Amino acid sequence: MTERLPVRLARANAYLRMAGAFPAWVLPVLVALAAYAAFVVRSGGESRDALFIAGLLLPFAAGTGLISLAREGRLDLLFGRGVSRMEAWGAAATRTLILPIAVIALLSPLCVEGATLLTPLRIAAALFIPGAICFASGLVQPRYALAVVWFACRAVFLVSDAGRGVYLRVVSPETAGPASPSDSLIAMFAVPEVVMFSALSTLTIIAGVATAALVLIASAMMMIRSDFGGHRAA
Amino acid sequence: MSDTSLAVRGLGKAYGRMPVLSEVTATFRGGRISALVGPNGAGKTTLLRTLAGLQHADAGTIDSPKPILYYGGFDTLPLHGSENDLRKTLGLPAVPDGKRKLTTLSRGQLHAVGLRAALDLQPAVLLLDEPWTALEPDAREELNQTLVSLAAAGHLIVCSTHDLDEVARIGDDILFLKRGVPPVLRVREEHDCARLDRNELLRLYRQ
């Protein structure tokens with residue numbers, strides 16, 4: 001039953017899809033967004049809004065409920081086939097987080113006028129920060145909970161005077177005044193697209209990405225250490 | 001494969017403050033069908049899932065080959081697709097009657113689907129949780145024949161069950177689990193018989 005890693009990962013991916021770990025709406029929505037972006041760019045315009053919508057949807061798409069599925073025993077056959085917990089986690093992270101971010105980031109220069117070499121990296125960071133955190137929390141049910149909370153916080157942040165002030169200080173310090181480091185960090189987690197503005201320092205972006213990466217690593221540890229007691233213990 | 005063995009020493013497991021398994025020591029061997037028998041709540045499922053590495057033991061050691069296949073019933077199958085979709089993800093060939101959606105199957109049919117996949121994978125170590133439950137008589141017979149032939153080929157098989165008749169028919173070893181009592185693995189040869197005797201099993205169960 002020993003198979004090469006790519007084969008095991010492919011099996012894990014197909015099995016997890018059957019088990020319901022991957023929301024069915026994600027792929028059609030991403031394809032529709034890509035088609036829309038291609039249409040706009042071909043018409044001579046700029047399709048930042050397609051990137052923006054993709055960025056809003058990614059945290060929702062990253063919720064897999066993987067640990068909850070394993071606790072219910074729904075991954076028993078997959079593990080019995082020789083796929084390890086880390087491989088199942090890796091397949092889920094690749095499918096819902098790494099691959100969409102890579103594709104969107106690589107296509108982003110086509111959507112943004114005046115894109116530089118840093119544009120894909122900044123877009124990847126903007127997607128990774130909320131995506132990784134929501135992926136980690138979405139390993140257990142309710143898998144969309146943190147994405148909903150994040151979306152609500154984001155809305156409150158953008159409509160409140162205080163939040164709006166922070167946002168303006170981060171994106172246009174020349175008119176609203178300089179942003180403090182805490183302003184930058186708060187804005188980056190609430191409204192990650194601020195990383196697209198050059199006013200946000202690279203160090204702040206690295207701090208945000210590192211924090212999200214640590215959360216992701218913690219989720220992998222949680223996957224390894226969790227007890228999968230089956231449907232009776234779920 | 002008949003030299004495959006699964007050795008457990010001093011295994012303990014608790015849910016919070018409630019101990020479920022304590023001091024479980026046994027060696028299951030390849031080429032034999034071992035049965036786990038005990039009242040509800042005795043820890044049969046917990047022991048099997050812990051042996052499979054799905055749960056972590058609080059105490060003791062488990063010495064076993066990897067991977068171990070555990071199959072626990074119809075409600076552990078994935079929710080979407082057909083039997084053949086499931087078999088494809090597991091690297092198994094399609095079956096003629098495998099095109100129906102899993103959501104349209106009855107509990108018994110689902111159980112048979114999962115059981116068929118688990119058996120067709122032919123793992124070196126196969127742990128089955130109440131495999132005879134919800135099976136039709138013909139399916140039971142087929143399951144017994146498959147288990148016996150797998151054991152003859154050297155596979156290590158452990159089944160938890162309440163069904164002493166099936167244990168008497170095909171079991172080689174039996175582990176009685178009871179709360180608070182360290183279980184002892186009894187092997188058929190100790191009873192000096194070709195098969196385990198049902199009345200003897202019932203007597204041991206009631207002890």
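Two strands pair if DSSP finds at least two bridges between them. In this predicted model, strand β6 of chain B offers an example: the bridge partner of B:I68 in β6(B) is B:V125.

**The strands of chain B**

Strand β6 of chain B covers residues 125-129, and it is largely enclosed by the rest of the structure because 5 of its 5 residues are buried. Its side chains go two ways: B:V125, B:L127 and B:D129 point to one side of β6(B), while B:L126 and B:L128 point to the other, and all are buried.

β6(B) pairs with β5(B) in the parallel sense, over 4 bridges. With β7(B), the pairing of β6(B) is also in the parallel sense and runs over 5 bridges. One residue of β6(B), B:D129, has B:S160 in β7(B) as its bridge partner. Between these two strands comes a helix: β6(B), helix α4 of chain B (residues 137-152) and β7(B) form a β-α-β unit that is right-handed.

Strand β7 of chain B, residues 156-161, contains B:T161. Is B:T161 buried or exposed? B:T161 counts as buried because 21 C-beta neighbours lie inside 10 Å, and the cut-off for a buried residue is 20 or more. Leaving aside residues up to four places away in sequence, B:T161 touches B:A35, B:V37, B:E130, B:W132, B:E166 and B:V167.

**Where chain B meets chain A**

The two chains touch through 26 residues of chain B and 21 residues of chain A. On the chain B side, α1 (44-51), β5 (68-71), α2 (83-89) and α3 (107-120) each supply at least two residues. β5(B) gives the largest share of that side, 4 residues. By class, the side of chain B that touches chain A has 14 nonpolar, 9 polar and 3 charged residues.

**The helices of chain A**

Helix α7 of chain A, residues 118-137, is mostly covered, with 16 of its 20 residues buried. From first C-alpha to last, α7(A) reaches 29 Å, close to the 28 Å expected at 1.5 Å a residue. α7(A) bends by about 30° at A:F128, and a proline, A:P130, follows within four residues.

Helix α3 of chain A spans residues 48-61, and its end C-alpha atoms are 20 Å apart, which agrees with the 20 Å that its 14 residues should span at 1.5 Å a residue. The buried residues of α3(A) are A:A50, A:L51, A:A54, A:G55, A:L58, A:P59, A:F60 and A:A61. What covers them includes α2 (26-42), α6 (85-111), α7 and α8 (145-159) of chain A.

A:R71 belongs to helix α4 of chain A, residues 66-71. Why does A:R71 count as buried? A:R71 is buried because 22 other C-beta atoms lie within 10 Å, where the cut-off is 20 or more.

**Two separations along the chains**

The table sets out two pairs of residues by their separation in sequence and in space.

| Pair | Apart along the chain | C-alpha separation |
|---|---|---|
| A:R71 and A:L51 | 20 residues | 35 Å |
| B:T161 and B:P183 | 22 residues | 16 Å |

In chain A, the pair joins A:R71 of α4(A) with A:L51, one of the buried residues of α3(A). In chain B, B:T161 of β7(B) is set against B:P183, with their C-alpha atoms separated by 16 Å.

Conventions
Residues are numbered from 1 along each chain as its sequence is written. Chains are lettered from A and ligands numbered from 1 in the order in which they are written. This is a predicted model: local features need pLDDT of at least 70, side-chain atom pairs count only at pLDDT 80 or more; totals for chains, interfaces and linings use all residues. The expected span of a helix is 1.5 Å times one less than its number of residues. The bend at a residue is the angle between axes fitted to the seven residues ending there and the seven starting there. A residue is buried if 20 or more other C-beta atoms lie within 10 Å of its own, exposed if 12 or fewer, and partly exposed in between; C-beta atoms are placed from the backbone. Two residues are in contact if their C-beta atoms, placed from the backbone, lie within 7 Å. Ala, Val, Leu, Ile, Met, Phe, Trp, Tyr, Cys and Pro count as nonpolar, Asp, Glu, Lys and Arg as charged, and the others, Gly among them, as polar. A crossover is right-handed if, with the strands pointing away from the viewer, the path from the first strand over the helix to the second runs clockwise.
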